[in-house]
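Please look through the sequence and the structure shown below before reading on. The briefing that follows is arranged by topic and moves from local features to the chain as a whole.

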Amino acid sequence: PEIRAYPFGRDVPKLFGQISAGFGYGLALSQIPAATEKRFNFNANVSIGGGPGYGRIIDIGQRIRLRRLAWVLRKAGLLAGEIDQLVGNKIIAAWYALRNNIGNFQQLGHTLRILRKAGLLTRAVDAATAYRLVRILDDPQLYDRKDGIMLRAGYGYARTLRKDADDTTMAFAYATAELQRQLGTTRAIGGTLRFFYNNWGTPDTYSVDVAGHYDWYFYNRAFDPLGALGVDARFSLNNQPGGAFDNGGVGWRASGGLSYTRFFNRGSLVRLTASGGVDTNQPFFMLHLEARYGLVRGSFVNAK
C-alpha cells in the first residue's frame, strides 16, 4: 500500500509526498531426500520507503464512455447541443451511484432524464440507438482506462527474516516514472521506468527496468466489444548477486510480446500472451494464459 499527500493545492497541485510499506511471509515444510527429518522454513519480508513525487494517474473510462455516448446520440440526430461539464458531471455521478446495480437500464434511464432536463434531447430515442447506448454503458473495455503521468523518488529500507539463516537487508534509493495515455476511445499507450540502487552490503547492487505497451480495442458497428490486441516491449539491466550469492556480474533481458484479451462484464477477462526475447545471451519463448473473474472498482472523474 501507498499513501500520497498533495499538500500544495492550487499552487503546485500535482506535487506530493509518498510513503509506502509492505509485509509478507512464507512458510515451507520440506524433506531432503535420504534424510529422516523434515525441515520447517519461515521467511518474512518487511519494507518501507518514502520521498517526493509529481503527477497523478486516474481512470478516465467514464469520460471516454460519455464521449462515445454523445457521439452516438449526435450521429442519430438526437443531441441538440454540446454536453457541457455540469451536465456531464451529473451523468457520471448517476453512473457512479448505480455502480453496484446489476444491469444498465437504470443508468440509461437516468442518463436520458438528465439530458432531457437539460434540453439536449431532440426526440425520443429509437430502438437501434437505445441498443448502442446500452452496449456503451455496459462496455467492459472502458474500465481501468488510465491516463496521466507520475514521477517518484525516494529512499527505502527492506529486510528479509529467515529462520535458522542470516537475514538479508537492503537500504536503497529508488526512482520510478509512469506515463499512461488514452488515444481517442479505442487506443492506449503507456510506459514505465523503474530504478533502484542498494548501498547496503557488498557489492552494491542496482536495477533498471524500462517497459512500454500499446493497446488497441475493437468494436463492431453496434459498439459490441470484440476484445483488445496488445503489444509490449521491455528491457532490464541489473548486477544482482548470482545463485551462490556471489557477484553474478551484469545481467540483462530484452523481450517483446503480443496479447489478445477478451473482456467480460465488470472486470472478468481471458488473456493469451506470446512473448520472447533474450536473457543475457540466452533466448527464451513463453506462452501465458490468464483467466480472471471478479469486479472492478467504480470511478468518478470530471466530464472534461
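In this predicted model, strand 9 and strand 10 form a hairpin with 5 residues between them, and in its turn Arg266 has a positive phi of about 60 degrees. A second hairpin is formed by strand 10 and strand 11, with 2 residues between them, and in that turn Thr280 has a positive phi of about 45 degrees.

**How the strands pair**

- Strand 9, which covers residues 251-263, and strand 10, which covers residues 269-279, pair in the antiparallel sense over 11 bridges.
- As an example of this pairing, Leu258 has Ala274 in strand 10 as its bridge partner.
- Strand 10 and strand 11 also run antiparallel, and 11 bridges join them.
- Two residue pairs can be followed by eye here, since Ser275 stands opposite Met286 in strand 11, and Val270 stands opposite Ala291 in strand 11.
- Is strand 11 largely in the open or largely buried? Of the 11 residues of strand 11, the number buried is 1, so this strand lies largely in the open.

**Residues with a positive phi**

- Most residues other than glycine have a negative phi, and this is the background against which the next points can be read.
- Arg266 is not a glycine, yet its phi is positive, at about 60 degrees, and the residue is found in the loop between strand 9 and strand 10.
- Why does Arg266 count as buried? Its relative accessibility is 18%, and the word buried is used for values under 20%.
- Asn281 is another residue other than glycine with a positive phi, in this case near 75 degrees, and its place is in the loop between strand 10 and strand 11, the latter covering residues 282-292.
- Asn281 counts as exposed because its relative accessibility is 59%, where exposed refers to values over 50%.

**A loop between two helices**

- Asn100 lies in the loop between helix 2, which covers residues 85-97, and helix 3, which covers residues 105-117.
- With a relative accessible area of 64%, Asn100 is exposed.
- Asn100 and Pro203 are separated by 103 residues in sequence, and their C-alpha atoms are 52 Å apart in space.

**The protein as a whole**

- The protein has 4 helices and 11 strands, and the hairpins described above involve strands 9, 10 and 11.
- Its radius of gyration is 25 Å, whereas a compact globule of 304 residues would have a value near 19 Å.
- Along its principal axes, the C-alpha trace spans about 80 × 50 × 40 Å.
- Buried residues make up 34% of the 304 residues in the protein, and the area that the protein exposes is about 18100 Å², of which carbon and sulfur atoms supply 59%.
- Among the contacts with a separation of 6 or more, 58% are accounted for by residues 24 or more positions apart.
- The protein carries 38 positive and 23 negative charges, and the mean positions of these two groups are 11 Å apart.

Conventions: Residues are numbered from 1 along each chain as its sequence is written. This is a predicted model: local features need pLDDT of at least 70, side-chain atom pairs count only at pLDDT 80 or more; totals for chains, interfaces and linings use all residues. Side-chain values use heavy atoms; hydrogens and water are left out. The radius of gyration is taken over C-alpha atoms; the globule rule is 2.2 Å times the number of residues to the power 0.38. Buried means under 20% relative accessible area, exposed over 50%, partly exposed in between (1.4 Å probe, protein chains only). Contact means heavy atoms within 4.5 Å. Accessible areas come from the Shrake-Rupley method with a 1.4 Å probe; for residues, only the protein chains shown count as cover. Lys and Arg count as positive and Asp and Glu as negative; His and the chain ends are not counted. The place of a charge is taken as NZ of Lys, CZ of Arg, CG of Asp or CD of Glu. Two strands pair if DSSP finds at least two bridges between them.
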